[in-house]
Amino acid sequence: MPGHSGHAGSSRPGPRTPPRAGETRRCLAVGLDCYLCVLTAGLLVRPYVDAAPLPEAAALLAVPVLVLSFVNQVVLTAFLGAGAGKLIMGIRVVSLPDVRRPGPGPLVRRWLYGLAWLPLRPWYGLRTSGQRDETGCPLVRTCEEGVSYADPLGLRQVRRGDLVAYRRAVASRAV
């Protein structure tokens, strides 16, 4: 049955894979991540920026922004299941189709992909002239279960409540 993950040899389908978190919630999480990252970097470099010329000031700000972004998107997500903005918005990042916390490898690749793709998102929007799929992303994959998701590394952002319900359903099925 599409969208289900059953155990091999089982006659009953498993619980449905948690759906993606809504677009608004995910966009707010990204906005919070950006805001917190730039604010923190700005506070860290503020004493040094006044005396530096503009190119050096930009470099002084860019380095901590990249480091803080990496810590938020990779390190926090590896340990807590989400970065700061996603935690605030009640979102967790899981790998598909096993719905587990992703390892550092996919998280690093996802961070690099985000650095390259997010700034180009308006370009993709203009290029498609409003013709979008349900994900709004030009890179859509379909897993074995027939579930499409936009992340090219097989990760999905889900609501924490949906993830908790999924894990309870899996646990009750194992009993």
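Helices (H or I, at least four residues) and strands (E, at least two) are DSSP runs, numbered from the N terminus. The model is predicted: local features need pLDDT of at least 70, side-chain atom pairs count only at pLDDT 80 or more, and totals for chains, interfaces and linings use all residues. Residues are numbered from 1 along each chain as its sequence is written, and side-chain values use heavy atoms, with hydrogens and water left out.

**Exercise 1. The chain as a whole**

Task: state the secondary structure of the protein chain and the order of its elements.

Solution.
- Step 1. Take the elements: the protein chain has six helices and four strands.
- Step 2. Read from the N terminus: the order is α-α-α-β-α-α-β-β-β-α.
- Step 3. Turn to burial, where buried means under 20% relative accessible area, exposed over 50%, and partly exposed in between (1.4 Å probe, protein chains only). Of the 175 residues in the protein chain, 33% are buried.
- Step 4. Turn to contacts (heavy atoms within 4.5 Å). Take those between residues at least 6 apart in sequence: 63% join residues at least 24 apart.

**Exercise 2. The loop between β1 and α4**

Task: locate P97 and V99, then describe the backbone at each.

Solution.
- Step 1. Place P97: the loop between β1 (91-95) and α4 holds this residue.
- Step 2. Check its peptide bond: the link from L96 to P97 is cis, with omega near 5°.
- Step 3. Place V99: this residue also sits in the loop between β1 and α4.
- Step 4. Check phi: V99 is not a glycine, yet its phi is positive, about 55°.
- Step 5. Set the background: most residues other than glycine have a negative phi, and most peptide bonds are trans.
- Step 6. Is V99 buried or exposed? V99 is buried, at a relative accessible area of 4%.

**Exercise 3. Two nonpolar cores**

Task: list the largest nonpolar core and find the contacts of V99.

Solution.
- Step 1. Fix the term: a nonpolar core is a set of buried Ala, Val, Leu, Ile, Met, Phe, Trp, Tyr and Cys residues joined through side-chain atoms within 4.5 Å.
- Step 2. List the members: the largest core has six residues, V94, L96, V99, V158, L163 and Y166.
- Step 3. Leave aside neighbours of V99 within four places in sequence. V99 then contacts T17, P18, V94, L163, Y166 and R167.
- Step 4. Look beyond: another core lies apart from it, with five residues, among them V93, L107, W111 and L155.
- Step 5. Recall the trend: in soluble globular proteins, nonpolar side chains tend to be buried together.

**Exercise 4. Packing of α1 on α2**

Task: describe how helix α1 (residues 23-49) meets helix α2 (residues 54-80).

Solution.
- Step 1. Choose the descriptors: two packed helices are described by the angle between their axes and the distance between the axes. Axes are lines fitted to C-alpha atoms, for helices over the stretch in contact, and angles run from 0 to 180 degrees between N-to-C directions.
- Step 2. Read both values: the axes of α1 and α2 come within 8 Å and cross at roughly 140°.
- Step 3. Classify: α1 is therefore oblique to α2. Angles under 35 degrees count as roughly parallel, over 145 as roughly antiparallel, 65 to 115 as roughly perpendicular and the rest as oblique.
- Step 4. Name the residues: C37, A41 and L44 are among those of α1 that meet α2, where the partners include L61, L68 and S69.
- Step 5. Follow S69 in α2. S69 is buried, at 15% relative accessible area. Not counting residues up to four places away in sequence, S69 touches C37, V74 and W111.

**Exercise 5. C34 and C37**

Task: explain why C34 and C37 are not bonded.

Solution.
- Step 1. Set the cut-off: a disulfide is a pair of cysteine sulfur atoms within 2.5 Å.
- Step 2. Compare: the cysteine sulfur closest to that of C34 is in C37, 7.3 Å away, so the gap is too far for a bond.
- Step 3. Count: the structure has zero disulfides.
- Step 4. Add exposure: C34 is partly exposed at 47% relative accessible area, whereas C37 is buried at 12%.

**Exercise 6. Distant in sequence**

Task: give the C-alpha to C-alpha distance from R16 to Y166 and from G154 to R110.

Solution.
- Step 1. R16 lies in the segment before α1 and is exposed, at 53% relative accessible area.
- Step 2. R16 and Y166 are 150 residues apart in sequence and 7.3 Å apart in space.
- Step 3. G154 lies in the loop between β3 (148-149) and β4 (155-159) and is buried, at 2%.
- Step 4. G154 and R110 are 44 residues apart in sequence and 9.7 Å apart in space.
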